[in-house]
Amino acid sequence: MTVPTKTLPSGAELPALGLGTYDLGDQTGDSVRAALDAGYAHIDTAEGYHNEAAIGDALAEYDRDDVFLTSKVLAKNLNYESVIASCEASLDRLGTDYVDLYLIHWPNPAISLRETLRAMAELRERGLVRDVGVSNFSAYQLSCAHHVSDVPIAVNQIEFHPWFQRPDLVDYCRESDTVIEAAAPLARTDVFGDEVVAELAETYDKSPAQVVLRWALDNDVVALPRSSTPEHVRANADLDWELDEADRRQLDERDRDEPVYDTPARDWTSDVYGIEQ
Ligand SMILES: NC(=O)c1ccc[n+]([C@@H]2O[C@H](COP(=O)([O-])OP(=O)(O)OC[C@H]3O[C@@H](n4cnc5c(N)ncnc54)[C@H](OP(=O)(O)O)[C@@H]3O)[C@@H](O)[C@H]2O)c1
C-alpha cells in the first residue's frame, strides 16, 4: 500500500492512515499486530483507552522507529504536573522513551490552556514527545491554543466523516497549518448505510469502509479507522485505487452535520473531565 504522509513541525512524517485503538479491549494486541504486519506505520492511543500496556507489548516485537505513535492526556489531567505525570506514565506503559505525537484529548474550560501548553512544551523540550497537538478543539479553542503556545500545535484530531464534515473548523485548521486527523472516520459504521457510499462501493467493487477512507485521504485528512477484525484492519489499508473527482464531490455533498460522538451536550463532570460540581 502507498500511504501519503504529512510533515509535522518537528520535521517528522505523519502517515495519513493510522490504526484507531479506542475500545478494542482484549483485541488490542492482535489488531495492532495485524496492522503493523499489513504495513500500517501509525497507531493512535490515549491514556483514557486503558490499552497502552497491550500496545507496548505488541510494539516490542517491532522496530519502534518504524511506527508513528500517538497518545493523549485526559482532560482531567491538564494542569502542569498532571500533564507531565500522565505522559511519563503513558511512556512507561507503552515501553518507549518517546511518543511521536501527544495530544490534549479534550479541551477543559476549568484548567488554563496556557498552563497545559507550557507542560506540553516542557515534554517536547525533554524529548519525551516529538510533536504536540490537540483533539476535539473548536476553531475558537484552536485559535486560543495557537496564540498562547510556545510550541507549534501540529494537529487537531476531530470527529470527521461524510455525515459530519465541519467545513468552518476544517477551513480554520487549514489556514493555521494544523493537520486534521479524522477520529471515528467510519462514523462507527453509521455511514455504511449512506446511499451514495453504498452506490460507490458497488461501482468500485470496494467496501463502504474503503470508500469512506479513500475519500478522507483525498480530502487531505489523516484517517484513524479502528477494527477488532484483522481482515478489516487489512482491508482498510487497501488505498491503491482512485476515486473519481466527481465521486469525491458526491461524498462531499453528504454532510448532515451529524456527529456520532462529539455531540453538543456533554457531561463536563464525568470522569473524563474531572470537574467537580
Ligand atoms: N480524540 C477523540 O476524542 C476520539 C474519539 C473517537 C475516536 N478517536 C480515534 O479514532 C479511532 C476510530 O474511531 P472509532 O473507534 O470511534 O470508530 P470508527 O473507526 O469510525 O469505526 C469503528 C467501527 O467500524 C467497524 N469497521 C472497521 N473497519 C471495517 C470494515 N472494513 N468493514 C466493516 N466494519 C468495519 C469496526 O468493527 P470491527 O471491529 O468488527 O471491524 C467498528 O465497529 C478511535 O479508535 C480512536 O483512535 C478519537
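## A pair of neighbours in the sheet

Let's start with one pair: Ile-104 stands opposite Val-134, a residue of strand S7. Keep in mind as you look around that this is a predicted model.

Zoom out a little, and you'll find that strand S6 and strand S7 (residues 129-135) are joined by 5 bridges and run parallel. How does the chain get from S6 to S7? It goes by way of helix H4 (residues 113-125), in a β-α-β crossover that is right-handed.

## Strand S6 and its other side

Now for S6 itself, which covers residues 99-104. Is this strand mostly covered or mostly exposed? Mostly covered: 6 of its 6 residues are buried.

S6 also pairs with strand S5 (residues 68-73); here 4 bridges do the joining, and the two strands run parallel. If you want a spot to look at, Thr-70 has Leu-101 in S6 as its bridge partner. Between S5 and S6 the chain passes through helix H3 (residues 80-94), and this β-α-β crossover is right-handed.

## The whole sheet

Which strands make up the full sheet? There are 8 of them, in the order S3-S4-S5-S6-S7-S8-S9-S10, and they form an open sheet with parallel pairing. At the edges sit strand S3 (19-20) and strand S10 (222-223), each pairing on one side only.

Over at the S10 edge, 2 bridges link S10 to strand S9 (residues 179-183), and these strands run parallel. Glu-181 is the residue that stands opposite Val-222 in S10.

## Helices on the sheet

Back to H4: this helix packs on the sheet, where it touches S6 and S7, and its direction makes about 155 degrees with that of S7.

Helix H5 (residues 139-148) lies across S7 and strand S8 (153-159). Its direction runs at about 165 degrees to S8.

## Two helices that meet

Last stop: two helices packed against each other. A packed pair like this is described by the angle between the axes and the distance between them. For helix H7 (residues 195-204) and helix H8 (residues 208-218), the angle is about 100 degrees and the axes are 8 Å apart. H7 and H8 are therefore roughly perpendicular to each other.

Which residues meet there? From H7 come Val-197, Ala-198, Leu-200, Ala-201 and Tyr-204, while H8 brings Pro-208, Val-211 and Val-212. Sorted by class, this contact has 8 nonpolar residues, with no polar and no charged ones.

How values were computed. Residues are numbered from 1 along each chain as its sequence is written. This is a predicted model: local features need pLDDT of at least 70, side-chain atom pairs count only at pLDDT 80 or more; totals for chains, interfaces and linings use all residues. Axes are lines fitted to C-alpha atoms, for helices over the stretch in contact, and angles run from 0 to 180 degrees between N-to-C directions. Angles under 35 degrees count as roughly parallel, over 145 as roughly antiparallel, 65 to 115 as roughly perpendicular and the rest as oblique. Two residues are in contact if their C-beta atoms, placed from the backbone, lie within 7 Å. Ala, Val, Leu, Ile, Met, Phe, Trp, Tyr, Cys and Pro count as nonpolar, Asp, Glu, Lys and Arg as charged, and the others, Gly among them, as polar. A residue is buried if 20 or more other C-beta atoms lie within 10 Å of its own, exposed if 12 or fewer, and partly exposed in between; C-beta atoms are placed from the backbone. Two strands pair if DSSP finds at least two bridges between them. A crossover is right-handed if, with the strands pointing away from the viewer, the path from the first strand over the helix to the second runs clockwise.
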